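Hi,

Here is the structure I said I would pass on. Have a look at it first, and my notes on what turned up are just below.

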Amino acid sequence: MRAPFTKYILNYKLQGFFLLLVITTLCIEAAYAVQPRSGYFSDVDLQPIGTADITIAETEPAVVLVFAVDQKTADITRQFDEWYNNSLSLPEVNVFAVAVNTANMSNDIVLEAINQRNLSVPVFLASEDMLHGDDFRLFVLDGGLAVERFSSFDVPVINAALARLGIPTPEFGLPGTAPAATPAPTPDTTSSVVPPAESMTTTTTTVAVTDAEPTSQVAGGEMEDNIYVNDNYGFTVEFPPGWKYQIAAKEDGAVAIEPTGSEMDMRVWSIPAEEATSPQDYVDQRLESLARKQTTRVNVERRFEVREDGRQGLDVTYNYAKPIDANIPARGLLLYRGRIQVFLDDGQIKAASVEAPAGEFTAMIRMIDSFFRSFEVQPAAYSSPVL
């Protein structure tokens with residue numbers, strides 16, 4: 001009679017031991033997934049894999065690959081890992097990867113799949129889906145924001161993005177890649193630009209202003225000629241060579257039709273000045289309206305006075321953080337840069353503006369500068385005296 005009873009006790013103890021082991025393992029795993037204290041991933045639970053340290057995910061600037069754990073990302077993780085091994089000579093930038101379990105596999109299977117890739121780059125496992133349908137995302141992070149985002153892996157482009165952050169461009173690449181790109185040149189601000197009137201750091205973000213841009217509706221047909229002349233309202237501008245544009249429905253402005261792959265918004269318009277008593281008033285209203293619309297803070301990088309045939313205007317460059325997907329906040333923020341040039345002429349605001357993700361804006365700075373230099377204001381036909 002003792003043997004069965006003893007066996008029962010042993011089985012009970014073994015079951016308790018294994019239950020305790022499972023609970024302990026789960027607790028350790030749960031405790032090991034932590035949120036970085038700062039940076040782009042500060043609100044995401046990340047589990048360090050192998051020798052990865054959570055402090056790596058807290059330090060920026062950084063280049064980060066977020067990828068799904070499946071066969072479709074095997075090539076991109078291999079390329080990224082090769083680039084990481086070559087970038088070890090760059091102590092100014094952190095490089096790491098974040099794996100996402102999009103297939104809802106068990107934690108053990110995910111870890112094994114990552115380990116099989118033999119990655120040298122530090123890898124963290126995210127507790128949530130940060131891809132939302134994408135196979136991978138490649139970011140350049142700085143100041144807690146995604147300042148550049150790429151849909152493919154291109155060494156010269158990544159190196160150029162780092163150079164724009166003041167990080168020396170590496171003199172290496174992967175087989176078959178071109179030499180590292182040179183950072184975009186400093187824009188030529190000669191011509192009608194005079195020294196800055198003053199330096200501004202931020203704008204307020206709480207005033208709601210409705211402005212009537214002539215771009216919500218456009219007239220039918222695309223214009224092949226890249227020079228746009230508006231005699232009725234008195235201004236002209238030259239869009240980039242090869243770009244088309246559409247004229248606004250009210251014929252008081254035009255919107256550029258960006259080439260495939262570009263996210264740049266380029267436009268010109270004229271509207272009644274209404275409550276704006278100066279170019280500065282109008283710029284303030286627009287940036288405050290933008291801040292309220294995007295629920296963010298707009299930072300003014302620089303401000304210049306400009307003159308055109310005796311008319312005084314204002315040229316302002318700014319930046320702000322915008323959700324990558326307004327419907328899915330978890331996808332994070334992307335830094336945008338914009339520039340607006342405004343004149344007040346005979347009760348009419350005449351303005352030109354460009355806005356794009358920060359990476360594209362910086363890369364196209366020379367083209368943007370040419371666009372604004374071509375913006376000319378003339379007397380409007382409607383204000384001509386009747387003979």
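Asp346 sits in the loop that links β15 to β16 (348-357). This is a predicted model, so please read everything here with that in mind. The phi of Asp346 is near 55°, a positive value in a residue other than glycine. Most residues other than glycine have a negative phi, which is how this one caught my eye. Asp346 counts as exposed because its relative accessibility is 54%, and the cut-off for that class is over 50%.

There is another one in the loop between β10 (244-247) and β11 (253-257), where Glu251 is found. Glu251 is not a glycine either, yet its phi is positive, about 60°. With a relative accessibility of 48%, Glu251 counts as partly exposed.

While on backbone oddities: the peptide bond from Glu60 to Pro61 is cis, with omega near 10°. Pro61 belongs to the loop between β1 (46-49) and β2.

For the overall picture, the protein has seven helices and 17 strands. Of its 387 residues, 44% count as buried. Take the contacts between residues at least 6 apart in sequence, and 63% of them join residues at least 24 apart.

Now the pocket. The largest one has a volume of about 690 Å³. Its lining is made up of 27 residues, and those closest to the centre are Arg149, Phe150, Ser151, Gly261 and Glu263. What is the lining like by class? It has 14 nonpolar, four polar and nine charged residues. At least two lining residues come from each of β5 (136-142), β6 (145-150), α4 (155-164), β14 (311-323), β15 (333-345) and α6 (358-363).

α4 deserves a second look. Eight of its ten residues are buried, so the helix is mostly covered; the buried ones include Val155, Ile158, Asn159 and Leu162. Among the elements that cover them are β2 (62-68), α2 (74-86), β5 and β6. Just after α4, Gly166 has a positive phi of about 85°.

On to the packing. The largest nonpolar core has 42 residues, and Phe41, Leu46, Val66 and Val98 touch the most other members. Helix α5 (residues 279-294) gives the largest share of this core, five residues. Another core, of 33 residues, lies apart from it, with Ile49, Leu65, Ile76 and Val123 among its members. Leaving out residues up to four places away in sequence, Val66 touches Phe41, Val98, Val100, Met130, Leu131, Asp135, Phe136, Arg137 and Phe139.

Asp135 comes up again with Thr73: not counting residues up to four places away in sequence, Thr73 touches Phe67, Ala68, Arg117 and Asp135. Thr73 is in the loop between β2 and α2. Is Thr73 buried or exposed? Buried, because its relative accessible area is 0%.

Last, a small sheet detail. Three strands form an open sheet in the order β8-β9-β17, with antiparallel pairing. β8 (227-230) and β17 (376-377) are the edge strands, each pairing on one side only. β9 (residues 235-238) and β17 pair over two bridges in the antiparallel sense, and Phe235 has Val377 as its bridge partner in β17.

Cheers

Key. Residues numbered from 1 in each chain as written. Predicted model: local features only at pLDDT ≥ 70, side-chain atom pairs only at ≥ 80, totals over all residues. Heavy atoms only, no water. 1 Å grid on protein atoms, 1.4 Å probe; cavity = no way out; pocket = protein on both sides within 12 Å on 5 of 7 lines; lining within 4 Å. Points joined across faces, edges and corners; volume = space filled by probe spheres on them. Helix = DSSP H or I, 4+ residues; strand = E, 2+ residues; numbered from the N terminus. Nonpolar A, V, L, I, M, F, W, Y, C, P; charged D, E, K, R; others polar. Buried < 20%, exposed > 50% of the residue type's maximum accessible area, 1.4 Å probe, protein only. Contact = heavy atoms within 4.5 Å. Pairing = 2+ DSSP bridges. Core = buried A, V, L, I, M, F, W, Y, C linked by side-chain atoms within 4.5 Å.
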